[in-house]
Amino acid sequence: MTKEECLEDLRERLFSPKSSSAVALDSPGKVGLEQEAFAFVKDSQTGQPIRPTSLYEGASPLARLLGEKCQNRGGKAHFFGTKDSPKIDKISFASGDNFQFEPGGQVEIATAPYSSLIELEQNLKKMQGILEEIQEENPVTFAQIGTHPYFTGEEIGLQLPKPRYRHLQSYFNSLHPAGQQMMLQTCSQHINLDLGEKEETQLLRIGVAQGICPLLSAIFANSPILERKNSGKKSLRSTLWKNLDSKRTGFWIPEKEIHSKEAWIEAYSKMAFNAPLLNVKGIDDCWFGGPFTWAYWLENEIEGRKPTFFDWENHLSLLFPQVRMKGFLEVRATDALSRNWQIVPAAFLSGIIYSSKSLEATWEILAPKIHKLDLLCQQASDGLKEDEIFRMAGEIFQVAGDGLQSLPETFRSDSQIQLLESFFEHFTAKRRTPADDLLEKLSLNKPLIY
């Protein structure tokens, strides 16, 4: 590949709306979630977790339990590994929803993109109903929390034995202790929203999606506990990500021309070209890092190989910015929330992104801060402690609520509007976050499960 081919691919594939994202006439856009949860083996008497679950080892590995339960509901298991030792990689359904696994054995529900928040919530709960059945029939429980409240990285271990994740762990561990913590001890919620057809709309949505990330981390902070201890942060997960690797995480903001789509594409390409290589398919015995960036590979062969489009796709999948472009917006700034609040961030963002009035109003609030997002992100790890974060959260919550209310009744339900309002009243208006509820549970020695 050449630099020009990479740029053209970004324009045509990542920064152009996916053709499959066509929506119903009465829908303002599609919305999907990637919801992660920790899994534990629990004490049958107290309900307290006693050890991490194992994905593939032991008498009742979680992947097998989930595979058997899903098979009875039309789920199809996909495998990796050898013919003699196959391991479940993911479980897909005809709806487009999937169960997947993260390196520390976290269970991820990746939903299809749905034409309404109503459909999204219904199908998310349907998938979680399968996990509930596993809980009822086995000494297993799940927790949707941003950081692992119980077990160390050593106790959990790398549970996905793929070269991709071995290389990822080796690379991150070489940079910072947060590398292992990020891979094995964090859970997040990713929110997927349409990019839009008009370029003017795309520019606003890209800018707002990035600008609002620190506020998402602050408002929905839900990771104050790590290994049974108060970390001192309301969103420790966001701190771990921020400290990890500035070359492949964080923000990609044009230095000047923020009203030019080409400038946003150039900013994304700069991140991609300067990020060190991690996993090169076919060279499974080592990871690269250091000076071996994508830009380097474009100019120099590695192991006698030049990069291909397949290598480019793989490299892009190993970038972890706050907003990842995929022909839609993948917003990655939110801690995993407990099930009673889990739909609120998607409702909040939909009210902003899919209401033109709210989108413009939010951009007016965020635009003056667009080149100060790293500082805001640092402050957001303390929840709503900083006056400026608290003020902006209140302003934008009102805008989001008005926007959600204005969307078609076929897209959002009255109960979802009420839940958004209840979240604001219980948390944001009182300068609280879900992390405060978790800390109260910790002080009372209550199980931190959903």
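A salt bridge here is a side-chain nitrogen of Lys or Arg within 4 Å of a carboxyl oxygen of Asp or Glu. The model is predicted, so local features need pLDDT of at least 70 and side-chain atom pairs count only at pLDDT 80 or more, while totals for chains, interfaces and linings use all residues. Residues are numbered from 1 along each chain as its sequence is written, and side-chain values use heavy atoms, with hydrogens and water left out.

**Exercise 1. Find the salt-bridge partner of Arg 64 and describe how the two residues are placed.**

Step 1. Arg 64 forms its salt bridge with Glu 68, and the closest N and O atoms are 3.6 Å apart.

Step 2. Look at the helix next. Helices (H or I, at least four residues) and strands (E, at least two) are DSSP runs, numbered from the N terminus. Because Arg 64 and Glu 68 are four residues apart in helix 2 (residues 62-71), about one helical turn separates them.

Step 3. Now the accessibility. Buried means under 20% relative accessible area, exposed over 50%, and partly exposed in between (1.4 Å probe, protein chains only). Arg 64 is partly exposed at 39%, and Glu 68 is partly exposed at 43%.

**Exercise 2. Work out which parts of the chain the salt bridge between Lys 69 and Glu 137 ties together.**

Step 1. The closest N and O atoms of Lys 69 and Glu 137 are 2.8 Å apart.

Step 2. Lys 69 lies in helix 2 and Glu 137 in helix 3 (residues 117-137), so the pair ties together parts that are 68 residues apart in sequence.

Step 3. Lys 69 is buried, at 13% relative accessible area, whereas Glu 137 is exposed at 52%.

Step 4. Widen the view: a network of salt bridges links Lys 69, Arg 73, Glu 133 and Glu 137. Across the whole structure, a search finds 26 salt bridges.

**Exercise 3. Place the salt bridge between Glu 388 and Lys 369 in the chain.**

Step 1. The closest N and O atoms of this pair are 2.2 Å apart.

Step 2. Glu 388 sits in helix 16 (residues 387-406) and Lys 369 in the loop between helix 14 (356-366) and helix 15 (373-380); the two residues are 19 residues apart and link distant parts of the chain.

Step 3. Glu 388 is partly exposed, with 27% relative accessibility, and Lys 369 is buried, with 18%.

**Exercise 4. Describe the surroundings of strand 8 (residues 188-193).**

Step 1. Six of the six residues in strand 8 are buried. One face carries Ser 188, His 190 and Asn 192, the other Gln 189, Ile 191 and Leu 193, and both faces are covered.

Step 2. Two strands pair if DSSP finds at least two bridges between them. Strand 1 (residues 31-42) pairs with strand 8 in the antiparallel sense over five bridges, with Gly 32 opposite Asn 192.

Step 3. Strand 14 (residues 329-335) also pairs with strand 8 in the antiparallel sense over five bridges. Here Ser 188 stands opposite Asp 335.

**Exercise 5. Describe the setting of Thr 249 in strand 11 (residues 249-250).**

Step 1. Thr 249 is buried, with a relative accessible area of 7%.

Step 2. The side chain of Thr 249 reaches the backbone oxygen of Asp 245 at 2.7 Å.

Step 3. Contact means heavy atoms within 4.5 Å. Leaving aside neighbours within four places in sequence, Thr 249 is in contact with Trp 241, Phe 320 and Pro 321.

Notes: A polar contact is a pair of N or O atoms within 3.5 Å; within protein, one must be able to donate a hydrogen and the other to accept it, and residues adjacent in sequence count only if both atoms are side-chain atoms.
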